[in-house]
Amino acid sequence: MVLQTALLIGLVIFSVLAILLKDLLKSAISLAAASLLLGIIFFRMNAPYAGVFEISVVAGLITVLFILTIALTGGGHDVRESKLVNWVFPLVFVAFIVIDALVMKSLLGKVPALPSGTEAGVFGDVLWKGRTLDLVGQIAVILAGVFAVLALFRKRDKHD
Amino acid sequence: MTPKMLLLPVLGPAVLAVVLLLLPRTLRLVRDVLAVGGAAALVYEAFALFAVKDLRLTLPWLGLGIDFDLRLYHFSSFILIALAGFLLLIALYTTVKMKDAPRGREFMAYIFLTAAFANGAVLANNFVPLVFFWEGLLVTLYGLITIGGRATSGRTAVKALLISGFCDFSMILGIGLLWTVSGTATMSEISVEPTGLAAAAFILMMIGAAGKAGAMPFHTWIPDAAVDAPVTFLAFLPAAFEKLLGIYLLARISLDFFKIRPGSAMSLLLMIVGAVTIVLAVLMALVQKDLKRLLSYHAVSQVGYMVLGIGTAIPIGIAGGLFHMINNAIYKSGLFLCAGSVEHRAGTTELKKLGGLRRDMPLTAFGFTVCALAISGVWPFNGFVSKEMVFHGAVETGYTVFAIAAWIGAVFTFASFLKAGHAVFFGERTREVPAVRESQPAMVLPILVLAGLCILFGVYNKLPLTLFIQPILEGHTEAGAHLDFTSHALAVLNPIALISIGCLVLAFLLHRFGLRKFGKAALASEPIHNLPVLHQVYDLAERRVFDPYEQGVKVLQGLSTVLYKAVDRPIDFVFEKIVTVTGAKFTGILKKAHNGHYANYLAWCLAGLVILAGLIGLLAK
Amino acid sequence: MIILFVVLPLIVAGLLPLVGKVSRRVLPDLLANATLLFLLVYAVVAGRALIAGGPVLQQTAWLGEAVNLRLALDGFSLLMLVAVSLVGLAASLFSIDYMEHYGAKANYYALYLVMVAGMNGLVLATDLFSVYVFLEVAAVASYALVAYGLGPDELEAAFKYLMLSVVASAFLLAAIAVVFGMTGSLEFAAVAAALKELNAGAVLAIASACFLLGFGLKAALVPFHAWLPDAHPSAPAPISAVLSGLLIKVSGVYAMARIFLNVFGLTPALSTALMVLGAVSMVVAAFLALGQRDMKRMLAYSSISQVGLVVLGIGIGTPLGIAGGLFHLFNHALAKGLLFLTSGSVQQATGTRDLDAMGGLAKRMPVTAAASLIGSLSIAGVPPLNGFWSKLIIIVALVQAGHPVFAVVAVLASVLTLWYYLLIQRKAFFGKLDEKWAAVKEAPFWMTVATVLLALLCVGIGILFSSTVTNWIQPAADVLADGVQAVTGSWGF
């Protein structure tokens, strides 16, 4: 229980850091750390597949892509910011967390739920047979991604 | 006469309009013949339908009480005749006046399309077709004004469309409420007490009807259109069609849908609107320097008499208001056609540039004189009869203040027409007045027909009163009430008529006074113009301070700017920085979002989420 | 074989890059448009017959094994399919000429078809998570399409759009997770049945709020709208047409309506929330539109406003209100699509979107001007066009349901709408022709065909509105008005 809470708090902190930090590199690493913690949480909740995907994709692939991009663009130079908007997000965020915590606390144990049904099956079966439509969707997303890359990186001979 | 014949007045002009639009310019003669012939056929049809008295066509449409329901009865058939008659006269006039106008073909098509929609609106017996046809008039209104082709025509057309559109939307709301209250959308079955929700419905529908007719404060586009739109349009829509339609609906609202009693709050409201319109509009008319603008303000002012008459809820007053509707259409249309005739030959309608045209344009001058005397309420023209009836009704309600307002209006009406007639047709002919001759027969004929009708309806007022007006009032008055108005219609020896004559004399004196002081007829109204308080008021009016449309526009523009600056720009500002800072390179865009910018929006989302969750949670309890 | 609506565009999209290597223009044009035409014909011709006896459910078998490919076609889905195919076809016809100078047409069509497949899949799905997946499919394709021109404005707009959409996705997922946790299932029918048994008040309120944020952002309701005025104008014109005309309605309004009315059941709390959101969007966006000088930006704000009206209508919950809302959804898809296409014609001819720089274009581009006028009048609600009827029905429904204040607000917003549309018409098309536009020509053939097609539909539906409503809108409205019954009754597999 304590460990779970600590992991969750850590997750939130690293996520917020990822968007608050000014240094690009530190920000990317924050993201990786957050994802790592999330993966661990998944493992502890008996969702090994979710954990594996999370860590390999976010903490692995995406972080590598970001770091490569930062290195290639010589990035990392600090960004000018407008002062007056600095405090809005933290303020609202804190308010949100407080309200959220209070609401969730009052709902603890009171969330109505049907008794959980029988296990649907092995992960592989569920993925292939149980949720085939989603697989079609996934194929479509991959196609979209491929075409997006092809379209956005195309050689431009004439553009208006 | 099968019920399906009721579709002819609606479909016939519409089809003809399309044909007229498609005929090439070279076939102008064919076009003119078709137009006049088609209008004549419509007049014939209208008379034929009038003879039939009662006819009804019901086609089931959408269910839920919405049917395509057309009903011919004495009131609607009377209006049909009037609409058809004016269409014929205007079509004839247009063949000459708009001959060389760049969009003359469209004009001819639009007036037929307008006639089709108007016929449909008059015949409709169910709210949904009524709204459909009523709204359709907006389109032709816009198109007709833009044909004026002046730099400001587009702006005026938008203004007209928006003001009319606002009135129409108000009417739709009122109809929705009335539908809910009465439970049916069939107009002939509705009759409710005007209390509570029904009162709100009454007021909303009144706005729609009075706005269409051009009462204050929905009139401000008419003087602008007087300058920006073709004068034939003015003779057609604001003078004739809109009055007929608007007052028709107002009468239906006051007599059929709601039971308005004399002295009730609704009656008072109508009378106030009528009286205010009469006085304010005629004061504006008095000081105009252009004949068309002067006439347009009078058009607004005369609506006041109609609204006042109907608002009295007294039989003679209502009859007077309705009679005034048709009379006004006749002489107002005639006056505009005269102005058009002058413009056609002299090229201008500014009062100070004209003078002494009666020698060269005798027929036009005659027509103008007759119509001007009629509008001023001089015995024995039709205007006298209907105005007296309205005065009688106003006095009978016990609130003499309205009668006094009407009389004040009469004074200034006559004064301004003395000025106009004197400045244009009578008086000295100076050198700067261009050489003119009488207009072509096709233009003069409608004017003379209308002038003739002024005389006919005045002297032989028994005809229109018994044939058209009195049947409308049957069933709306207590049994045994005196429904014959004709006997004393022309009497001048009663106190009310004497006061009216006194008003005319007063107007004459005012005119002479102004003339002596300023010399030119066109300046005869200056004494009034320069009166201490009135002067300031006139100046403000010239600057459009009193125009609710213009003020509304300013407010909305201001509001829009405020919203734009306070809400939209900051949001955009938030994101502007990203691109300008990282540069336009494609890879640069893939950087992470910055603090305070994207985060801000996220903050809003979270706040919105909390609020929504709270709202739904609270309401769910 | 309603699976075709999803699978056919995907297959053609997969083939297009290969085809594109062979033929740069003709074959991709032909393939893409033929696909959309086929889908349109199939939907219109076979659709009504299919659903005549109740919703069509399909569970297919692959390679001999029964797989869980569950799709459902009922009146509401069919209406959306027809709308998607219709506007999609018009925009893709338009693209034949418009996308010439953007290059890589085969890729463009591939992305376009993937987006269409995503929208179709969303509409046919019977499962909360499938809705989410196909929503993402359409969204990802649209990000790339918004950025297609590769100019700085387009890239920035696409980036903004993407970043704000992921917020939506996140909250949608959260809501789905909550619902799953409570009911143990994701199927519409099972969830609806389960929720009836549970007394889920507060938690359901939170889940509803998260759904509202997610779908509201997709539908661009105020205050979640800020991405739209930048994304829609920067995208190429046919994409703007599809985004404003279809995507915000399919992934926003359709999903919202389906879940709130058919799965959760429309409670008074939800109804109030929807009506307030709708009314606020309607008014705020109308005011914002008035202040714009960029033609497409004005149209974008107008989309926000009109979607607000649609949501207001559906939120009333009465059969008449729902019918009015759905009819307006359909009409707006046609009319807004038309307007964005004509704005594309204007932009291509003059090179600018600034209203103050245009003027008198009607003389040089009469067909485009006429089509644009029809679209404007339709959205403004002028008879005899289609928009008049849908607005009238919504206002009447508001009054009948006892919401006079909302009715007045709707009427006032309509007046504002009429105003700014007349502004566009006046500034761009009417008035004196500026000399610099003296040489512009009417839009190329396919662009004109597309706009004329949509304009004719606006007029036709306006005149034949009665049969359109009874044949297409009423079945859809009935499904929603049935509430939870519609899914628990006949959708249980």
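## Chains B and C: helices, cores and a surface patch

Chain B of this structure holds 23 helices and two strands. Please keep in mind that this is a predicted model. Chain C, for its part, has 19 helices and two strands. The points below go from the chains as wholes to the nonpolar cores, then to two buried residues of chain B, and finally to a patch on the surface.

**The two chains as wholes**

- Chain B has 621 residues, and 62% of them count as buried.
- In chain C, which has 493 residues, the buried share is 71%.
- The exposed area of chain B comes to about 21800 Å², with 69% of it supplied by carbon and sulfur atoms.
- For chain C the exposed area is about 13300 Å², and carbon and sulfur atoms account for 68% of that.
- If you take the contacts in chain B between residues at least 6 apart in sequence, 79% of them join residues at least 24 apart.
- The corresponding share for chain C, again among contacts between residues at least 6 apart in sequence, is 81%.

**Nonpolar cores**

- The largest nonpolar core contains 431 residues, and its members that touch the most others are B:Phe112, B:Phe127, B:Phe233, B:Phe258, B:Leu322, C:Phe211 and C:Leu326.
- Another core, of 33 residues, lies apart from it and includes B:Met271, B:Val287, B:Cys503 and B:Leu504.
- B:Phe127 is worth a look: leaving aside neighbours within four places in sequence, B:Phe127 is in contact with B:Ile175, B:Leu178, B:Thr184, B:Ala185, B:Met187, B:Ile190, B:Met205 and B:Phe257.

**B:Thr140 in helix 5**

- You will find B:Thr140 in helix 5 of chain B, which covers residues 127-146.
- B:Thr140 counts as buried because its relative accessible area is 1%, under the 20% cut-off.
- The side chain of B:Thr140 makes a polar contact of 3.1 Å with the side chain of B:Thr114.
- Beyond neighbours within four places in sequence, the contacts of B:Thr140 are B:Tyr110, B:Leu113 and B:Thr114.

**B:Ile472 in helix 17**

- B:Ile472 belongs to helix 17 of chain B.
- With a relative accessible area of 4%, B:Ile472 is buried.
- Setting aside neighbours within four places in sequence, B:Ile472 is in contact with B:His74, B:Phe75, B:Phe78, B:Leu255 and B:Leu322.
- One of these partners, B:Phe78, is 394 residues away from B:Ile472 in sequence, yet their C-alpha atoms are 9.7 Å apart in space.
- Another partner of B:Ile472, B:Leu322, is among the residues that touch the most other members of the largest nonpolar core.

**A nonpolar patch on the surface of chain B**

- B:Phe366, B:Ile455, B:Leu456, B:Val459, B:Tyr460, B:Leu463 and B:Leu467 together make a nonpolar surface patch of about 590 Å².
- Two elements of chain B give two or more residues to this patch, namely helix 16 (441-459) and helix 17 (462-473).
- Helix 16 of chain B provides the largest share, with three residues.
- B:Tyr460, also in the patch, sits in the loop between helix 16 and helix 17 of chain B.
- B:Tyr460 has a relative accessibility of 48%, so it counts as partly exposed, the class between the 20% and 50% limits.
- Helix 17 of chain B therefore links two topics here: it gives residues to the nonpolar patch, and it also holds B:Ile472, which is buried at 4% relative accessible area.

How values were computed:
Residues are numbered from 1 along each chain as its sequence is written. Chains are lettered from A and ligands numbered from 1 in the order in which they are written. This is a predicted model: local features need pLDDT of at least 70, side-chain atom pairs count only at pLDDT 80 or more; totals for chains, interfaces and linings use all residues. Side-chain values use heavy atoms; hydrogens and water are left out. Patches are made of residues with over 30% relative accessible area and no salt bridge: like charges are joined within 9 Å, nonpolar side chains (Val, Leu, Ile, Met, Phe, Trp, Tyr) within 5 Å. Accessible areas come from the Shrake-Rupley method with a 1.4 Å probe; for residues, only the protein chains shown count as cover. A salt bridge is a side-chain nitrogen of Lys or Arg within 4 Å of a carboxyl oxygen of Asp or Glu. Helices (H or I, at least four residues) and strands (E, at least two) are DSSP runs, numbered from the N terminus. Buried means under 20% relative accessible area, exposed over 50%, partly exposed in between (1.4 Å probe, protein chains only). Contact means heavy atoms within 4.5 Å. A nonpolar core is a set of buried Ala, Val, Leu, Ile, Met, Phe, Trp, Tyr and Cys residues joined through side-chain atoms within 4.5 Å. A polar contact is a pair of N or O atoms within 3.5 Å; within protein, one must be able to donate a hydrogen and the other to accept it, and residues adjacent in sequence count only if both atoms are side-chain atoms.
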